[in-house]
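Biologist: Could you walk me through this model, one question at a time? I'm new to this, so please keep it plain.

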Amino acid sequence: PAVTMEAVAARSGVAKTTLYRWWPNRAALALDCVAARMAPIADGPRDGRFRDRFRRQLTATLRLLNGQRGQAILALIGAKQIDPALGRAYTEQIAQPRRAQTRRLARQAIEAGELASGTDPDLFLDAMYGPLYYRKVVSGDPITDAFIAQIVDAAFRAFAPPRRANR
């Protein structure tokens, strides 16, 4: 909300008309700024259980959302609800690339046998990330390390491979 085209023009030393040639509004300008500074999702060590890797990713996502860039991301998520063009741009520039990265990790967990074969990677990711975003954006309930561990464990239990009967 603090970003105005006037302030950006003044700080950058260009005319407001120049900004409007490149961006239709301040939300689109903010989206480009955030997207340009988004780091890939950190996965940490590539060894160990996928459950631990996803726990680290959710923790890193929460850290991002709690920081300055996270405030911008949450503001963009809100703004995209009423601006279809911004919504499409957000999806293309931020959501889809990040989702593709986590989808690859989910597929690796399936291949490794930590998730059931036939698991829909997107449904699995929704089961994990949904509660985090719900608390952050909707309910405002606290998000603790214990909560993150609970939702990751619950998702892995729900999508676990069937147990083999002892013979």
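**Helices, core and charged pairs**

Modeller: Sure, let's start with one residue: leaving aside its neighbours within four places in sequence, F50 is in contact with L105, Q108, A109, A112, E114 and F156. Keep in mind that this is a predicted model.

Biologist: Is F50 buried or exposed?
Modeller: F50 is found in helix α4. The cut-off for buried is under 20% relative accessible area. F50 has a relative accessible area of 9%, so this residue counts as buried.

Biologist: How far apart are the C-alpha atoms of F50 and I110?
Modeller: Along the chain, F50 and I110 are 60 residues apart. In space, the separation of their C-alpha atoms is 9.5 Å.

Biologist: Okay, zooming out, what pattern does the protein follow along the sequence?
Modeller: The protein has eight helices and zero strands. Read from start to end, that gives α-α-α-α-α-α-α-α.

Biologist: What share of the contacts with a separation of 6 or more is between residues 24 or more positions apart?
Modeller: We've just met a pair of that kind to look at: F50 touches L105, among others. For the whole protein, counting contacts with a separation of 6 or more, the share from residues 24 or more positions apart is 61%.

Biologist: What distance lies between the end C-alpha atoms of α4?
Modeller: Helix α4 has 17 residues, and at 1.5 Å a residue it should span 24 Å. The model agrees with that, because the end C-alpha atoms of α4 are 24 Å apart.

Biologist: Which helices do the buried residues of α4 pack against?
Modeller: The buried residues of α4 are F50, R51, R53, F54, Q57, L58, T61, L62 and L65. F54, for example, touches T102, L105, A106, F124, L125, M128, V152 and F156, not counting residues up to four places away in sequence. Taken together, the buried residues of α4 pack against α5, α6, α7 and α8.

Biologist: Which helix gives the most to the largest nonpolar core?
Modeller: In soluble globular proteins, nonpolar side chains tend to be buried together. Here the largest nonpolar core has 33 residues, and F54, F124, M128 and F156 have the most contacts inside it. Helices α3, α4, α5, α6, α7 and α8 each supply at least two residues of this core. The helix that gives the most, with eight residues, is α6.

Biologist: What is the relative accessible area of L31?
Modeller: L31 has its place in helix α3. Leaving aside neighbours within four places in sequence, L31 is in contact with L76, L86, A89, Y90, Q93 and I94. L31 is buried, and its relative accessible area is 1%.

Biologist: How about the surface: which residues form a nonpolar patch there?
Modeller: The protein exposes about 10,400 Å², and carbon and sulfur atoms supply 54% of it. V138 lies in helix α7, and at 57% relative accessibility V138 counts as exposed. V138 belongs to a nonpolar surface patch with about 300 Å² of accessible area together, formed by Y134, V137 and V138.

Biologist: Now the charges: how many salt bridges does a search of the whole structure find?
Modeller: Side chains of opposite charge can pair when their charged atoms come close. One of these pairs is R51 and D153, at 3.1 Å from N to O. This pair links distant parts of the chain, with R51 in helix α4 and D153 in helix α8, 102 residues apart. For the whole structure, the number of salt bridges found is eight.

Biologist: Which residues are linked with R51 and D153 in a network of salt bridges?
Modeller: R51 and D153 meet in a salt bridge through their side chains. The network holds R51 and D153 along with R49, D52 and R55.

Biologist: Which residue forms a salt bridge with R99?
Modeller: R99 is partly exposed, at 22% relative accessibility. Its closest N and O atoms to the partner are 2.7 Å apart, and that partner is D126.

Biologist: Which helices hold R103 and D122?
Modeller: The side chains of R103 and D122 meet in a salt bridge, 3.0 Å from N to O. The pair ties together parts that are 19 residues apart in sequence, because R103 and D122 lie in helices α6 and α7.

Definitions and conventions. Residues are numbered from 1 along each chain as its sequence is written. This is a predicted model: local features need pLDDT of at least 70, side-chain atom pairs count only at pLDDT 80 or more; totals for chains, interfaces and linings use all residues. Side-chain values use heavy atoms; hydrogens and water are left out. A salt bridge is a side-chain nitrogen of Lys or Arg within 4 Å of a carboxyl oxygen of Asp or Glu. Helices (H or I, at least four residues) and strands (E, at least two) are DSSP runs, numbered from the N terminus. Buried means under 20% relative accessible area, exposed over 50%, partly exposed in between (1.4 Å probe, protein chains only). Contact means heavy atoms within 4.5 Å. Accessible areas come from the Shrake-Rupley method with a 1.4 Å probe; for residues, only the protein chains shown count as cover. The expected span of a helix is 1.5 Å times one less than its number of residues. Patches are made of residues with over 30% relative accessible area and no salt bridge: like charges are joined within 9 Å, nonpolar side chains (Val, Leu, Ile, Met, Phe, Trp, Tyr) within 5 Å. A nonpolar core is a set of buried Ala, Val, Leu, Ile, Met, Phe, Trp, Tyr and Cys residues joined through side-chain atoms within 4.5 Å.
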